[in-house]
Amino acid sequence: KACNADANHQQQDDSAAHEATLVALRAREAKPMLQFEDLHAINCVLDAAKAGDLAGLKKLIEDGSSPDAHVPQYKRTALHWSSEMGHMDVCVYLLEQGATVNFQDRTGASPLHKAAWNGHVEVCGLLLEHGADSSIVDEGGETAMDGANGVVRRVIMASLGQLDGPV
């Protein structure tokens, strides 16, 4: 009887482990892996944003690409790239299309970090007008203002109400 009881207990453990494996597999299937075509479309969106190709980006978004498209391991969106490169018209369009202004890449940097650290004053102003959070800290412990030049710092400070007088 002891052997039978042990066998029944082992069978229950095996059954529970089998069920847990099935649950894990179903969860993995619920989040499909990116297909080559998906990655290609994402890279086209990111490349258009980097290059400042507004017409190309519009076509891609109209064809169904997300304004928040990103390669999962990097998490940099078109708004990150256009902010970094200073492409104001692309940033305006992406925000009009619902791009997430505070989307953080894998290092924790937001589009505001990218614009501020590259001295793009107008883009910083636009992002702040659309709700960019200047207090977001990246993995290095820095906010957008920490890496910004004097003019950009003044724009950020003005948005926070910490600046008297003109920007």
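# Close-up views of a predicted helical model

**View 1. Asp105 lies in the loop that joins H5 to helix H6 (111-117).** Helices (H or I, at least four residues) and strands (E, at least two) are DSSP runs, counted from the N terminus. This is a predicted model, in which local features need pLDDT of at least 70, side-chain atom pairs count only at pLDDT 80 or more, and totals for chains, interfaces and linings use all residues. Residues are numbered from 1 along each chain as its sequence is written, and side-chain values use heavy atoms, with hydrogens and water left out. Asp105 counts as buried because its relative accessibility is 6%. The cut-offs are under 20% relative accessible area for buried, over 50% for exposed, and partly exposed in between (1.4 Å probe, protein chains only). Which residues touch Asp105, once its neighbours within four places in sequence are left aside? They are Tyr74, Lys75, Arg76, His80 and Lys114, with contact meaning heavy atoms within 4.5 Å. From C-alpha to C-alpha, Asp105 and Arg76 are 4.9 Å apart, although 29 residues separate them in sequence.

**View 2. Lys75 sits in the loop between H3 and H4.** Lys75 is one of the contacts of Asp105. Its phi is positive, near 60 degrees, in a residue other than glycine. Most residues other than glycine have a negative phi. The relative accessible area of Lys75 is 34%, so this residue is partly exposed.

**View 3. Helix H4 (residues 78-85) is mostly covered.** Six of its eight residues are buried. These are Ala78, Leu79, His80, Trp81, Ser82 and Ser83. His80 also appears among the contacts of Asp105. Gly86 follows H4 and has a positive phi, near 80 degrees.

**View 4. Helix H3 (residues 54-62) packs against helix H5 (residues 88-96).** The angle is about 15 degrees, and the axes are 10 Å apart. H3 is therefore roughly parallel to H5. Axes are lines fitted to C-alpha atoms, for helices over the stretch in contact, and angles run from 0 to 180 degrees between N-to-C directions. Angles under 35 degrees count as roughly parallel, over 145 as roughly antiparallel, 65 to 115 as roughly perpendicular, and the rest as oblique. The crossing of H3 and H5 is right-handed: the near helix is turned clockwise from the far one by less than a right angle, whereas anticlockwise would be left-handed. H3 contributes Leu54, Leu57, Lys58 and Ile61 to the contact, and H5 contributes Asp89, Val90, Tyr93 and Leu94. By class, six of the contact residues are nonpolar, none polar and two charged. Here Ala, Val, Leu, Ile, Met, Phe, Trp, Tyr, Cys and Pro count as nonpolar, Asp, Glu, Lys and Arg as charged, and the others, Gly among them, as polar.

**View 5. H5 and the glycine beyond it.** Val90, Cys91, Tyr93, Leu94 and Leu95 are the buried residues of H5. Val90, Tyr93 and Leu94 are also in the contact with H3. Just after H5, Gly98 has a positive phi of about 95 degrees.

**View 6. Helix H7 (residues 121-129) crosses helix H8 (residues 150-159) at roughly 15 degrees.** Their axes come within 9 Å. H7 and H8 are therefore roughly parallel to each other. This crossing is right-handed. Val121, Cys124, Gly125 and Leu128 of H7 meet Val151, Val152, Val155, Ile156 and Ser159 of H8. The contact divides into seven nonpolar residues, two polar and no charged.

**View 7. The cysteines: the structure has zero disulfides.** A disulfide is counted when two cysteine sulfur atoms lie within 2.5 Å. Why does Cys124 form no bond with the closest cysteine sulfur, in Cys91? The two sulfurs are 9.6 Å apart, too far for a bond. Cys124 is buried, at 0% relative accessible area. Cys44 is partly exposed, at 25%.

**View 8. Glu139 is in the loop between H7 and H8.** Its relative accessibility is 65%, so Glu139 counts as exposed. Leaving aside neighbours within four places in sequence, Glu139 is in contact with Arg106, Thr107 and Gly108. The C-alpha atoms of Glu139 and Ala109 are separated by 7.8 Å, with these positions 30 residues apart along the chain.

**View 9. The whole chain, for context.** The protein chain has eight helices and zero strands. Buried residues make up 35% of its 167 residues. Of the contacts with a separation of 6 or more, 65% join residues 24 or more positions apart.
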